[in-house]
Structure formats: C-alpha cells, structure tokens
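Work through the exercises below with the sequence and the model open side by side. Each task is followed by a solution that goes step by step.

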Amino acid sequence: MLRKRSTEPRAAGGDAPLPKELQKIAVVVLVGLLLMQLDGTMVGIALNTLSGELSVSVSTLQWVVTGYLLALMVGMPIAGWAADRFGTRRMWTVSLVVFLVGSVLCGIAVNIETLIFARVVQGLGGGMMVPVGQAMLMRVAGAEHRARLVGLMAIPGVIGPTLGPVVGGVIVDDFSWRWMFLINIPIGLIAFFLAGRNLPNFKEEARAALDVLGVVLLVPGLVAVVFGLSRAAAGGLGDPLVVAPLVTGVVLIAGFILHAARPNIEALVSMRLFKYRNFAAASALTLLAALTMGAGIVQPLFLQQVHGESPMGAGLLLVGFGVGSALTSVVLSRVFNRLGARLVGTVGLALTFTGTVAFTQFYASTGRVFIVLAMLLSGVGLAMVTLTMSTALYVGLPPQQIARATGASRIVQQLGLSTGTAVISLVLQIQLTKQTAGSDLDSLANAYHHAFWWSAGFLALAIVPALLLPGRIPATPGTQDKKVAQAQPA
C-alpha cells in the first residue's frame with residue numbers, strides 16, 4: 001500500500017520526478033531561452049562602445065534595442081498559428097535558425113542601419129521560439145510535473161541578468177562587441193541538433209486563423225510612434241518628420257483597438273479581456289512597469305560615460321540587479337499567496353522606485369557600493385512586481401481565456417518595453433544636446449538624471465493599478481493551469 005502511494009503523481013506539490021522525455025525537451029527549450037536572455041542583457045553593456053564606433057546618437061542607437069523588442073512582439077502572435085500549421089518541432093527549429101542568422105548578421109554589421117536590421121531578424125526568431133518552446137513543454141507535461149516546470153523556466157530569467165552584463169563586459173573589453181552576437185552560433189547549433197532528436201512535432205487540425213488585420217494595424221502603428229519619438233530629439237515635436245509618423249501611428253493603434261473590441265474576433269490583444277478587473281489592473285501594471293524598464297538602456301551608459309567604468313566594470317555593478325531578482329523570485333514564490341498580490345505589488349513598486357530615484361542623485365564621485373545597493377533594490381522590487389502582475393493577471397478569468405490572456409500580456413509588455421526605451425532615450429538625447437563640449441561630468445550626470453526621473457514617474461503612476469489588485473490569490477480548481485500560464489515570460 002505504501003509503495004503504491006509513493007508512485008502516484010503529485011500535482012499539487014510538483015515534486016514528482018520529471019520523465020526522461022520531458023527532461024530532454026526541457027533542456028533544449030531552456031538553452032534557447034538562455035540564448036535570448038544572455039543576448040538581451042549583453043547588448044546594454046555594449047551600447048556606449050557602439051555609439052562611439054558607429055558614430056550615432058542615443059536616439060538612433062536605441063533602435064538596436066527597440067527594433068529587437070518590436071520584432072519580438074511581431075513574432076509572438078505568429079508563432080502559435082505557425083506551430084499549429086507546420087508543427088512545433090519544425091517551427092521551433094526554424095525560429096532558432098532565424099535567430100542565429102540574425103546573430104551572424106549582427107556580428108558582421110558594417111553600420112547602424114545593418115545592425116538594426118539584423119536585430120529585427122533576431123527578434124523575429126526569438127519572438128517565435130519562446131512561446132512554441134513553452135507550449136511543447138506544457139503539452140507533454142502532466143499536471144504532476146507542471147509546478148516543477150514553473151521553476152525550470154524561470155532559470156534563464158535569473159541567469160541572464162546575472163551573467164549577461166559580466167560576460168558582455170569581458171567580451172567588449174577584451175575582444176570585440178561583434179563576439180556578443182557570434183558567440184550565439186556554437187550554442188545555437190548544439191540546440192539545433194538536440195532539437196531534431198528530442199522535440200515533439202505537435203500539429204493542430206483545427207487551426208485558429210492569424211489576425212492579419214491586427215498585425216497590419218498594431219505593428220506599423222507602434223513602429224511609427226517609436227520612429228516619431230526618436231526623430232523628435234533632432235527635429236523637435238513640430239518637425240513634419242515627427243508629426244506625420246506620430247499621427248499615423250496613433251491612428252493605426254486606434255484602429256487596432258476598434259478592431260480588437262469587435263465581437264467574435266480573435267485579435268492579437270482582445271479588448272474583451274479588459275472587462276475582467278484583475279486582468280485590466282495587472283495589464284496596466286505590466287505596461288507601466290515595462291515603460292520604466294527603458295532605464296535599462298540608460299544605466300550602462302551612465303556608468304561608463306559619467307562614472308568612468310569600463311564595460312566590464314559596468315557589468316559587475318549591474319550584477320546586483322540580477323542577484324536581487326533571483327533571490328526574491330526563489331523566496332517570494334513560496335509565500336506569495338499568503339501575502340497577497342496587492343501587498344507584494346505595492347512594496348515591490350516602492351523598492352524599485354527607491355532604487356531608480358537613487359540614480360537621480362548619483363554623480364561621478366558616487367561610491368560603487370551605493371550603485372550596487374540601488375541595483376539590488378531595483379532587482380528585488382522588480383521581481384516582486386513581475387510575480388504580482390503575472391499572477392494576478394489570471395484571477396477571475398474563465399479557463400478558456402487563460403491562453404489568450406498570456407499572449408495579450410506578452411504583447412502589452414513588449415509594447416511598454418519598446419515605447420519606454422524610445423521615450424527615455426528621447427529625454428536623454430534632448431538633455432545631452434544641451435551639453436557643450438566643455439561640460440563637466442556633473443552637468444553630464446544631470447542630463448542622465450532627467451531620464452531616471454521619467455522612469456521613476458512611470459513607477460509612481462503604477463501604484464494606481466497595483467492598489468486595484470486582489471489581496472490573497474484564491475485557490476481554485478484552475479490554479480494549476482494558472483501557474484502554467486504564469487511560467488511563460490513575456
């Protein structure tokens with residue numbers, strides 16, 4: 001009797017050992033996720049070097065990040081449709097190949113235009129690879145293994161912010177920024193060969209149609225708005241090359257909202273989901289938190305241009321963010337339901353706000369220990385906010401809406417990341433253009449402070465949706481499925 005009980009699946013605890021088949025699939029998928037995480041965190045360290053070698057301004061340079069984020073958003077909704085049509089293994093390997101082709105193109109880019117194009121190719125591949133890989137894992141895993149996979153899929157998100165800045169700093173200091181992208185090739189090729197042996201090739205006969213009109217309206221709309229903002233630093237808000245894209249973008253985005261609100265439309269982001277209070281509040285929190293992450297492009301530049309750090313030195317100072325995020329994710333996941341989404345979210349915002357405002361007081365003479373503490377606070381706080389918004393998002397949703405809510409949340413986050421990067425880069429570029437050739441480091445630091453205050457402002461606004469979140473997360477029959485959805489990072 002005791003032997004029989006010990007072999008039963010344990011869905012609630014998530015302690016059942018993973019079958020070998022699932023372990024093999026998880027290894028392949030996690031390698032792909034880790035590639036993307038490391039690539040994304042290494043690029044920030046190289047921005048100052050790229051600005052000098054390619055002779056471009058911050059407003060132009062931010063497209064290296066923004067173009068990638070926008071392409072990620074395009075790839076995500078296409079991925080589900082393409083995987084149903086062509087099969088999960090085939091689509092995952094194609095996505096990996098596209099990502100690696102983009103990596104090669106980044107490594108051989110001759111100017112900023114070719115680098116931005118290559119980053120867009122990378123983003124398209126990465127945007128398709130993530131959801132397809134996670135869908136395979138969840139489909140193969142039974143309920144007794146899903147909780148284990150929640151922790152496994154968080155590993156790349158912990159390793160990336162911790163190791164990425166350091167590895168990127170070493171590469172930029174001792175080799176060339178091009179190796180940040182070329183290093184993806186050997187790792188990606190290993191994943192490619194493992195995929196052919198280990199990944200399943202699921203298909204769906206009853207395939208949902210791709211929201212072509214939604215893609216046509218939303219993606220060009222976002223690109224137009226971001227392009228207009230990036231041009232504003234050079235020409236001012238009255239420049240026709242600023243006004244025309246901004247107006248066009250707003251019209252296209254408004255058209256998408258009207259399209260997505262229609263009944264019986266499977267839109268990229270269904271407006272009908274926003275009738276659920278917790279989804280609406282968590283989405284607003286996601287958007288504002290993502291907007292403030294635009295400071296991620298500014299911090300490495302500040303550390304190198306104002307504080308005088310080498311790429312390696314800047315990377316080491318930024319490690320505090322990854323460490324704080326990792327420790328918080330491990331500890332808080334065990335007690336989150338007892339504390340409640342509202343409490344965790346508001347405390348997380350307060351800590352992130354404190355860490356961000358601290359950067360508005362930093363100058364060239366600021367001690368490194370204060371910078372590390374600020375990054376640690378930001379990492380702890382943002383991990384709390386991320387766990388809050390990804391959990392509260394599903395409270396009260398009908399089970400059949402969970403998959404759509406997950407996709408919508410990813411797109412909202414990418415929208416915030418790309419827009420926030422553009423806005424904060426614009427603020428910084430405007431302030432930098434006011435500096436004269438003889439400006440001292442304190443004046444240069446003050447220019448950066450404006451960008452950090454904007455980031456803090458987005459965080460201050462986020463307190464409103466955070467207070468609308470539920471207290472304790474109710475334990476319902478659909479809890480396990482919600483955990484699965486939470487495990488899928490945007």
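**Exercise 1. Decide whether Val250 is buried or exposed, and place it in its helix.**

Solution. Val250 has a relative accessible area of 53%, and a residue counts as exposed over 50%, as buried under 20% and as partly exposed in between, with a 1.4 Å probe and protein chains only; Val250 is therefore exposed. The model is predicted, so local features need pLDDT of at least 70 and side-chain atom pairs count only at pLDDT 80 or more, while totals for chains, interfaces and linings use all residues. Residues are numbered from 1 along each chain as its sequence is written, and side-chain values use heavy atoms, with hydrogens and water left out.

Next, locate the residue: Val250 is found in helix 11, where helices are DSSP runs of H or I with at least four residues, numbered from the N terminus. Its C-alpha lies 7.0 Å from that of Val225, although the two are 25 residues apart in sequence.

**Exercise 2. Find which residues of helix 11 are buried, and how they are arranged around its axis.**

Solution. Begin with the length: helix 11 covers residues 240–260, and its 21 residues reach 30 Å from first C-alpha to last, close to the 30 Å expected at 1.5 Å a residue, where the expected span is 1.5 Å times one less than the number of residues. Then list the buried positions, which are Val242, Pro245, Gly249, Phe256, His259 and Ala260. Seen down the axis of helix 11, these buried residues fall within an arc of 135°, so they line one face of the helix; the arc is that of the directions from the helix axis to the C-beta atoms. On the other side, Pro240, Val250, Val251 and Leu258 are exposed.

**Exercise 3. Check the span of helix 12 and state how many of its residues are buried.**

Solution. Helix 12 (residues 277–292) has 16 residues and should span 22 Å at 1.5 Å a residue; its end C-alpha atoms are 23 Å apart, which agrees. Helix 12 is mostly covered, with 12 of its 16 residues buried, among them Asn278, Phe279, Leu285 and Thr292.

**Exercise 4. Identify the residues that touch the most other members of the largest nonpolar core.**

Solution. A nonpolar core is a set of buried Ala, Val, Leu, Ile, Met, Phe, Trp, Tyr and Cys residues joined through side-chain atoms within 4.5 Å. The largest such core has 130 residues, of which Trp92, Leu115, Phe302 and Tyr448 touch the most other members. Helix 2 (residues 20–54) supplies the largest share of this core, 17 residues. Leaving aside residues up to four places away in sequence, Tyr448 touches Val298, Leu301, Phe302, Gln305, Val306, Leu428 and Leu432, a contact being heavy atoms within 4.5 Å.

**Exercise 5. Classify the ring pair of Phe302 and Phe359.**

Solution. Rings of Phe, Tyr and Trp (its six-membered ring) pair if their centres lie within 6.5 Å, and planes under 30 degrees apart count as stacked, over 60 as edge-to-face and the rest as tilted. A search of the whole structure finds nine aromatic pairs. Trp177 and Phe181 form one that is edge-to-face, at 6.3 Å centre to centre and 85° between the planes. For Phe302 and Phe359 the centres are 5.9 Å apart and the planes stand at 75°, so this pair is edge-to-face. The pair links distant parts of the chain, since Phe302 is in helix 13 (residues 298–305) and Phe359 in helix 15 (residues 341–359), 57 residues apart. Finally, ring pairs link Phe302, Phe359, Phe362, Tyr448 and Phe452 into a cluster.

How values were computed:
Helices (H or I, at least four residues) and strands (E, at least two) are DSSP runs, numbered from the N terminus.
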